[in-house]
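The following paragraphs offer a guided reading of one protein model. Please keep the sequence and the structure in view while reading.

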Amino acid sequence: MSLTLRTISREQHLAYVQSLPSASHMQVPAWAEVKNEWRSESLGWFDRDGQLVGAGLVLYRQLPKVKRYLAYLPEGPVINWYATNLEDWLRPMLAHLKQAGAFSVKMGPPVVIRRWDAPAIKKGIQDPDVKRLRDVEATHIEPRAFEVADRLRRMGWQQGEDGGAGFGDVQPRYVFQVPLEGRTLEEVHKGFNQLWRRNIKKADKAGVEVVQGGYDDLAEWQRLYEVTAERDRFRPRPLAYFQRMWKVLNGEDPNRMRLYFATHEGEVVAAATMLVVGGHVWYSYGASANHKREVRPSNAMQWRMLQDAYALGASVYDLRGIGDVLDESDHLFGLVQFKVGTGGQAAEYLGEWDFPLNKLLHKALDIYMSRR
């Protein structure tokens, strides 16, 4: 297939994404406005008939005092990654980005390489010799993903270390997903482990209610989110970030971002944001109070969000990142343990890849990032 690449309008980009079953929420045009500290560009791939057959959102971050940029395509671009002529898709992109002043390109092919179902993960957890997810035999392996990785290496794309837990990339390499397609809600609920089902029932008995919020409720979200950040020792994003997310994502599609609250006796005790692109629904941010955890508001909220995703016709409910750890002594283990209770699958993506267009500047960035 002969391909050409050029800048496309926001409208062309959005129309292309909307024509697909799903795409990453980081590859919709509005994501550029969420990341407004970056310059952005929408790229389109056209076949010989002039049909738009691929799109990518590029975020450019300028180096201080130099007009050179890191070009980043988070969880993208949205192209045919299994095409036998993958080089013909990526070479024009590299040439375009180089001309735009990029010294390095980072991208995240949305290609799953391995999957592990819940029984396989539980078996791994019970085995004292297993410390990492990758030590467990995968339930499903995608051979074409290995071919994609080989092609990228042959082209000169490079992959950094994952830091040992799958969090070395900007976006998580390992995620946890609950498949919804072809299942009834009853089957999804039956797939939860006994503890999850008991906790959902417990929350219901205790009177936990789950409601949707709106833009004006983001301040309440932020209050609880900052409580969570202090408890879990991470730097919270400011309220303005979530307000911008709400405005630009829902401005593009009124159903792109949702806000959920779990309340008990009139008090908000858990909250979460949900993102929707086509048939893919993500639980994106979560927050919870330091008290009333015994009434299990997070389980009740996740079950409500999952039911709403199902009602939207989603094919997958994505609980986002997990670590590559099955060691109970590791601080990331709790994340896997909580999510595996949904009976879903852990998925390993191909990870993020870099292409140095200027080796010296790329190396300097590498050194800077490793010292952060």
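Which residues are buried in H7? They are Trp196, Asn199, Ile200 and Ala203. The model that shows them is a predicted one, and helix H7 is a convenient place to begin. This helix covers residues 194-206, 13 residues in total, and reaches 18 Å from its first C-alpha to its last, close to the 18 Å expected at 1.5 Å a residue. When H7 is viewed down its axis, the buried residues fall within an arc of 100 degrees, and therefore they line one face of the helix. The other side of H7 carries Gln194, Lys201 and Lys205, which are exposed.

Helix H5 may be read in a similar manner. It comprises residues 143-155, and its 13 residues should span 18 Å at 1.5 Å a residue; the end C-alpha atoms are 19 Å apart, which agrees. Buried in H5 are Ala145, Val148, Ala149, Arg151, Leu152 and Met155. Because these buried residues fall within an arc of 160 degrees as seen down the axis of H5, they line one face of the helix. Pro143 and Arg154, which are exposed, belong to the face of H5 turned away from its buried side. Another residue of this part of the chain, Arg144, lies over the face of Tyr82, at 3.7 Å from the ring centre.

The account now turns to the strands, beginning with E4. Strand E4 consists of residues 69-73; five of its five residues are buried, so the strand is largely enclosed by the rest of the structure. In a regular strand the side chains alternate between the two faces of the sheet. In E4, Tyr69, Ala71 and Leu73 point one way, Leu70 and Tyr72 point the other way, and all are buried.

Which strands are joined to E4 by bridges? One is E3, residues 52-62, which runs antiparallel to E4 and is joined to it by four bridges. Within this pairing, Gln62 stands opposite Tyr69. E3 and E4 form a hairpin with six residues between them, and Lys65 in the turn has a positive phi of about 65 degrees. Tyr60 has Arg39 lying over its face, at 4.3 Å from the ring centre.

The other strand is E5, residues 102-107, which runs parallel to E4 and is joined to it by five bridges. Here Ala71 of E4 stands opposite Val105 in E5. Between these two strands the chain passes through helix H3, residues 86-99, in a β-α-β crossover that is right-handed. Pro77 is found in the loop between E4 and H3, and the peptide bond leading to Pro77 from Gly76 is cis, with omega near 5 degrees.

Why does such a bond deserve notice, and likewise a positive phi? Most residues other than glycine have a negative phi, and most peptide bonds are trans. Two further arginines merit attention on this account. Arg296 has a phi near 55 degrees, a positive value in a residue other than glycine. Its place is in the loop between strand E12 (280-288) and helix H10 (297-311). With a relative accessibility of 31%, Arg296 counts as partly exposed. Arg320 also has a positive phi, near 60 degrees, but this residue is found in strand E13, residues 316-321. Is Arg320 buried or exposed? Its relative accessibility is 13%; because buried means under 20%, Arg320 counts as buried.

The aromatic rings complete this reading. The count of aromatic pairs comes to 15. One of them joins Phe192 and Trp196, which form a tilted pair at 5.3 Å centre to centre, with 50 degrees between the planes. Phe192 is buried, with a relative accessible area of 2%, and Trp196, at 3% relative accessibility, counts as buried too. Trp196 is also among the buried residues of H7 described at the outset.

Tyr241 and Phe242 form another aromatic pair, an edge-to-face one, with 5.6 Å centre to centre and 90 degrees between the planes. Both Tyr241 and Phe242 are buried. These two residues belong to a cluster linked by ring pairs, in which Trp221, Tyr225, Phe234 and Tyr285 also take part.

How values were computed. Residues numbered from 1 in each chain as written. Predicted model: local features only at pLDDT ≥ 70, side-chain atom pairs only at ≥ 80, totals over all residues. Heavy atoms only, no water. Buried < 20%, exposed > 50% of the residue type's maximum accessible area, 1.4 Å probe, protein only. Pairing = 2+ DSSP bridges. Right-handed = clockwise from strand over helix to strand, strands pointing away. Phe/Tyr/Trp six-rings, centres within 6.5 Å; stacked < 30°, edge-to-face > 60°. Lys NZ or Arg CZ within 6 Å of the ring centre and 35° of its normal. Expected span 1.5 Å × (residues − 1). Arc of directions from axis to C-beta.
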